[in-house]
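Got the model open in your viewer? Keep the selection box handy, and we'll hop from stop to stop.

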Amino acid sequence: MAFLADALSRVKPSATIAVSQKARELKAKGRDVIGLGAGEPDFDTPDNIKDAAIEAIRRGETKYTPVSGIPELRKAISEKFKRENGLDYAPEQVIVGTGGKQILFNAMMATLNAGDEVIIPTPFWVSYPEMVAICGGTPVYAETRLEDGFKLTAEALEQAITPKTKWLIFNSPSNPSGAAYAEDELRSITEVLLRHPHVWILTDDMYEHLTYGDFAFTTPAQVEPELYGRTLTMNGVSKAYAMTGWRIGYAGGPIELVKAMDMIQGQQTSGTNSIAQWAAVEALNGPQDFIERNKKIFEGRRDLVVSMLNQAAGISCPTPEGAFYVYPSCAGLIGKTAPSGKTIETDEDFVTELLETEGVAVVHGSAFGLGPNFRISYATSEALLEEACRRIQRFCAACT
Ligand SMILES: Cc1ncc(COP(=O)(O)O)c(C=O)c1O
């Protein structure tokens with residue numbers, strides 16, 4: 001439609017939303033569908049957080065807030081960075097946004113000029129390239145490999161850097177692979193960045209609290225303090241506190257960048273929902289014990305899913321360190337014939353046939369820039385996961 005902006009031609013619709021939509025449509029037609037596409041915890045927001053929001057309403061905290069967030073929340077975030085990450089971000093260096101998504105978007109909006117390159121390791125969270133493209137930048141993909149646990153190597157990063165590189169977007173634990181970088185692995189990345197002082201790092205730490213076993217989370221500016229002056233450390237309450245619908249994300253970074261993001265936000269949303277900000281203060285300052293409880297549950301589910309998928313013919317599933325996703329390869333199914341008689345040529349064919357035949361909704365890897373793979377979100381009950389994996393095993397066994 002000629003009326004629409006050219007920028008729209010640079011954007012693709014979200015494949016993860018499309019899968020959820022397709023699963024909903026099939027369910028509405030009476031099909032028995034298990035949806036493993038959603039990227040949100042199935043737990044409810046803890047009661048102390050809900051109560052803080054209700055009290056905020058009663059107190060009349062219902063007006064516009066400062067654009068970058070209420071002082072109480074910026075202070076709570078500043079203290080969180082110190083307590084959990086050993087990072088000194090003064091409250092003035094902190095900005096609160098409407099979800100991590102707005103933070104990322106505004107960081108791109110505030111910094112990208114036409115032709116600027118942003119390195120995005122594959123597989124990536126679907127929104128990164130789209131945000132970069134909307135803001136006029138050019139996504140440059142740095143491939144990871146299943147054999148490396150989907151982690152970016154120093155060599156791949158080095159190769160992707162050009163004089164036009166502005167940012168590396170770094171995400172650990174990763175959506176969609178669940179891969180998380182141990183300190184030495186992270187150090188191999190920060191060492192490359194030290195050699196390229198024009199490259200900034202936007203670290204998306206959204207899944208920080210969802211790591212398993214004895215994995216210890218670290219973030220780039222903590223591992224390499226020399227990068228502090230060119231790092232934007234992004235995080236949020238959506239995943240760790242089961243608060244996806246409250247829409248609170250935040251970042252700490254150099255004051256000039258934070259001010260620029262504040263200016264954009266001021267003309268855009270005038271700041272984040274006041275009630276949700278008070279809920280986030282309680283999330284960060286209140287009891288944290290349920291995080292450990294949820295982690296144990298997620299870890300049990302991860303182990304179940306990895307084990308059952310590796311028993312499916314043609315599927316190979318590494319064990320990720322974190323988040324609530326697995327990213328198995330379906331390379332062993334490519335070229336085979338599905339029960340419907342259709343040849344499986346791509347991972348998209350695989351997920352389409354799986355949904356049609358067995359009613360299991362997963363997202364194809366090519367949507368995340370690396371395939372043939374698919375993403376399963378295990379943020380659902382063990383009983384459903386077990387049934388879904390049984391169906392996947394049956395589907396794979398029936399492919400000839
Ligand atoms: C890697 C990653 N970053 C950021 C976000 C956005 O989080 P929010 O819901 O706070 O906007 C998501 C949500 O799925 C995500 O997976």
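Start by selecting P173, which sits in the loop between β5 (165-171) and α7 (183-194); helices (H or I, at least four residues) and strands (E, at least two) are DSSP runs, numbered from the N terminus. Look at the bond leading into P173 from S172: this peptide bond is cis, with omega near -10°. Before you move on, remember that this is a predicted model, where local features need pLDDT of at least 70 and side-chain atom pairs count only at pLDDT 80 or more, while totals for chains, interfaces and linings use all residues. Residues are numbered from 1 along each chain as its sequence is written, and side-chain values use heavy atoms, with hydrogens and water left out.

Now jump to P123, in the loop between β3 (117-122) and α5 (127-134). The peptide bond from T122 to P123 is also cis, with omega near -5°. Why stop for these bonds? Because most peptide bonds are trans, and most residues other than glycine have a negative phi.

Next, select S127, which belongs to helix α5. Is S127 buried or exposed? It's buried, with a relative accessible area of 12%. For these labels, buried means under 20% relative accessible area, exposed over 50%, and partly exposed in between (1.4 Å probe, protein chains only). Add I334 to the selection and draw a line between the two C-alpha atoms: S127 and I334 are 27 Å apart in space and 207 residues apart in sequence.

**The ligand**

Time to select the ligand. It sits in the largest pocket. Here a pocket is an open set of points on a 1 Å grid over the protein atoms alone, where a 1.4 Å probe fits, with protein on both sides within 12 Å along at least five of seven lines; a molecule sits in one if more than half of its atoms lie within 2 Å of its grid points.

Show the residues around the ligand, meaning those with a heavy atom within 4 Å of it. Which of these 13 residues come nearest? They are G100, D204, Y207, S238 and K239. Helix α4 (residues 99-111) gives the most to this shell, with three residues. Colour the shell by class and you'll get four nonpolar, five polar and four charged residues. In that scheme Ala, Val, Leu, Ile, Met, Phe, Trp, Tyr, Cys and Pro count as nonpolar, Asp, Glu, Lys and Arg as charged, and the others, Gly among them, as polar.

Zoom in on the individual atom pairs:

- D204: a polar side-chain atom lies 2.5 Å from a nitrogen atom of the ligand.
- S238: here a polar side-chain atom is 2.7 Å from an oxygen atom of the ligand.
- R247: an N or O atom of the side chain is 2.8 Å from a ligand oxygen atom.

Taken alone, the ligand exposes 400 Å², and the protein buries 93% of that (areas come from the Shrake-Rupley method with a 1.4 Å probe).

**Two positive phi angles**

Stay on R247, which lies in the loop between β7 (231-236) and β8 (249-252). R247 has a positive phi of about 65° although it isn't a glycine. With a relative accessible area of 30%, R247 is partly exposed.

Then select S270, in the loop between α9 (255-266) and α10 (274-285). Its phi is positive too, at about 60°, and S270 isn't a glycine. S270 counts as partly exposed, at 30% relative accessibility.

**Pairs across the chain**

Go to T343, in the loop between β9 (325-326) and α12 (347-358). T343 is partly exposed, with a relative accessible area of 35%. Add T400: it is 57 residues from T343 along the chain, and their C-alpha atoms are separated by 9.4 Å.

Select G69 next, in the loop between α2 and α3 (71-85). At 2% relative accessibility, G69 counts as buried. G69 and D262 are 193 residues apart in sequence and 9.6 Å apart in space, C-alpha to C-alpha.

Last stop: D47, in helix α2 (residues 47-59). D47 counts as exposed, at 52% relative accessibility. How far apart are D47 and I392 in space? Their C-alpha atoms are 36 Å apart, with their positions 345 residues apart in sequence.

Definitions and conventions:
Polar contact = N/O pair within 3.5 Å; in protein donor to acceptor, adjacent residues only side chain to side chain. 1 Å grid on protein atoms, 1.4 Å probe; cavity = no way out; pocket = protein on both sides within 12 Å on 5 of 7 lines; lining within 4 Å.
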